[in-house]
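Dear colleague,

I am passing on the structure below, together with some notes on what was found in it. Please read the notes with the structure open beside them.

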Amino acid sequence: MRAIPSVLGEEQTAFLVRQRVARLATADSAGKPHAVPVCFACARASVYVALDEKPKDVPVTRLKRVKNILENPDVALIADRYTEEWDLLAFVMVRGRAELLDPDTEEHIAAVKLLRGKYHQYETMRIEENPVIAIRPERAASWGALDEPKSSGTQILDTIHGRRSVRRYLQKGVPEDLVERVLEAARWAPSPHGRQPWRFAVLTREETKERLARAMGEEWRANLEMDGQGAEIVEKRLQGSRRRLLDAPVLLLICLYLEDLDAYPDAGRQRGERTMAVQSLGAAAQNALLAAYDLGLDAGWMCAPLFCPEKVVEALRLDPKLVPHALLTLGYAEGDPPKRRSRKTLDELVVCRD
Ligand SMILES: Cc1cc2nc3c(=O)[nH]c(=O)nc-3n(C[C@H](O)[C@H](O)[C@H](O)COP(=O)(O)O)c2cc1C
């Protein structure tokens with residue numbers, strides 16, 4: 001990347017970095033303007049825009065924005081925030097000169113990496129085969145509440161507050177595309193070294209759920225009997241758990257997968273590595289639960305697989321390298337859940353505000 005001192009201030013850069021879309025204005029040699037919405041990525045001294053047309057569809061030099069830049073490199077790029085709360089309006093406009101970076105040059109490779117880092121959709125598009133537009137800012141102008149958050153956070157907090165564990169479901173099927181979106185949310189959980197040490201099994205067939213319920217039931221029965229529970233109670237609890245598994249239209253089993261993690265010679269660091277993987281599995285599960293709730297679905301969490309992982313692997317014929325941990329039930333709640341755990345106050349939970 002070029003080490004040109006940036007004309008963008010800290011606030012302006014922070015605002016630009018948060019925006020997902022901007023408008024790129026170019027003009028031909030006669031000054032005739034042209035503007036298009038663009039995805040972009042910012043480095044300290046340049047703004048990059050990919051040319052994401054399929055390389056062989058239209059030669060990129062035929063694109064109006066590219067023709068204009070070749071004729072007249074003066075461009076402007078504007079990113080703005082609009083909300084109905086007008087005291088949150090803001091924009092940053094960058095004026096500068098644009099150039100086309102040829103594929104395979106050092107800056108092109110770095111720019112493609114930046115763009116792919118910001119937009120996961122670019123991961124599967126061959127943007128590396130096209131030139132990238134690099135804008136070298138010469139002047140920047142901005143207006144409005146650059147520092148304000150885009151929303152007051154009420155939307156995400158509503159989802160967090162609204163979600164609750166559901167243990168009884170309607171016999172109403174869950175559309176496959178909603179399950180895919182729940183999985184997509186889980187896929188984007190943070191993970192140690194970005195290795196995603198978890199795998200998912202999606203169970204919808206009655207026969208498969210039945211196999212799982214039977215395998216986990218046997219183990220649980222043995223454990224309850226070992227605890228000295230009475231036969232009647234054992235039967236009742238097993239039936240309750242079995243009903244939960246069979247009634248839920250979709251079961252999402254989240255397994256730990258440790259194969260891609262770092263290996264350490266000492267037990268302490270190895271334990272830390274495994275703990276991080278488990279923490280990350282929890283984040284994936286929570287992403288799934290929140291996404292499900294946001295999509296109008298209900299969900300619950302069952303820890304049973306954690307206590308008989310080999311039985312679950314065997315019953316579902318999974319790779320023995322997988323360690324089943326969490327079982328999420330997905331569906332539509334039969335009614336409002338009877339009890340909702342209250343939460344400790346922040347005063348009890350925050351132990352230090354130094
Ligand atoms: C790691 C973990 C394991 C859980 N295991 C179970 C379970 O086996 N059975 C169950 O009914 N709920 C289980 N839960 C759900 C909790 O009971 C529930 O989240 C808690 O009571 C708070 O209620 P809420 O989710 O409705 O806010 C589990 C939750 C977590 C995070």
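A polar contact is taken here as a pair of N or O atoms within 3.5 Å; within protein, one of the two must be able to donate a hydrogen and the other to accept it, and residues adjacent in sequence count only if both atoms are side-chain atoms. By that criterion, the side chain of Gln-19 reaches the backbone oxygen of Phe-15 at 3.1 Å.

Before going further, please note that this is a predicted model, in which local features need pLDDT of at least 70 and side-chain atom pairs count only at pLDDT 80 or more, while totals for chains, interfaces and linings use all residues. Residues are numbered from 1 along each chain as its sequence is written, and side-chain values use heavy atoms, with hydrogens and water left out.

Gln-19 itself sits in the loop between α1 (10-18) and β1 (22-27), where helices (H or I, at least four residues) and strands (E, at least two) are DSSP runs numbered from the N terminus. With a relative accessibility of 13%, Gln-19 counts as buried, the classes being buried under 20% relative accessible area, exposed over 50% and partly exposed in between, with a 1.4 Å probe and protein chains only. Not counting residues up to four places away in sequence, Gln-19 touches Phe-40, Ala-79, Asp-80, Lys-118 and Tyr-119, contact meaning heavy atoms within 4.5 Å.

A second glutamine, Gln-270, belongs to helix α8 (residues 267-294) and is partly exposed, at 29% relative accessibility. A polar atom of its side chain lies 3.3 Å from the backbone oxygen of Asp-262, and, leaving aside neighbours within four places in sequence, Gln-270 is in contact with Asp-262, Ala-263 and Tyr-264. Between the C-alpha atoms of Gln-270 and Glu-235, which are 35 residues apart along the chain, the separation is 40 Å.

Turning to the ligand, the residues that surround it (those with a heavy atom within 4 Å of it) are Arg-163, Arg-164, Ser-165, Arg-167, Arg-244, Trp-301, Met-302, Cys-303, Arg-340, Arg-341 and Arg-343. Polar side-chain atoms of Ser-165 and Arg-244 lie 2.6 Å and 2.8 Å, respectively, from an oxygen atom of the ligand, whereas for Trp-301 a backbone N or O atom lies 3.1 Å from a nitrogen atom of the ligand. Taken alone, the ligand exposes 620 Å², of which the protein buries 67%; these accessible areas come from the Shrake-Rupley method with a 1.4 Å probe, and for residues only the protein chains shown count as cover.

In helix α9 (residues 309-316), the buried residues are Pro-309, Val-312, Val-313, Ala-315 and Leu-316. They lie on the same side of α9, because they cover an arc of only 170 degrees around the axis, the arc being that of the directions from the helix axis to the C-beta atoms. Glu-310 and Glu-314, on the other side of α9, are exposed. The elements covering the buried residues of α9 include β8 (198-203), α6 (206-226), β9 (250-257) and β11 (322-331).

Finally, some backbone angles deserve a look. Arg-317, which follows α9, has a positive phi near 55 degrees. In the loop between α5 (176-187) and β8, His-193 has a positive phi of about 55 degrees although it is not a glycine, and Gln-196, found in the loop between α5 and β8, has a positive phi near 50 degrees.

With best wishes
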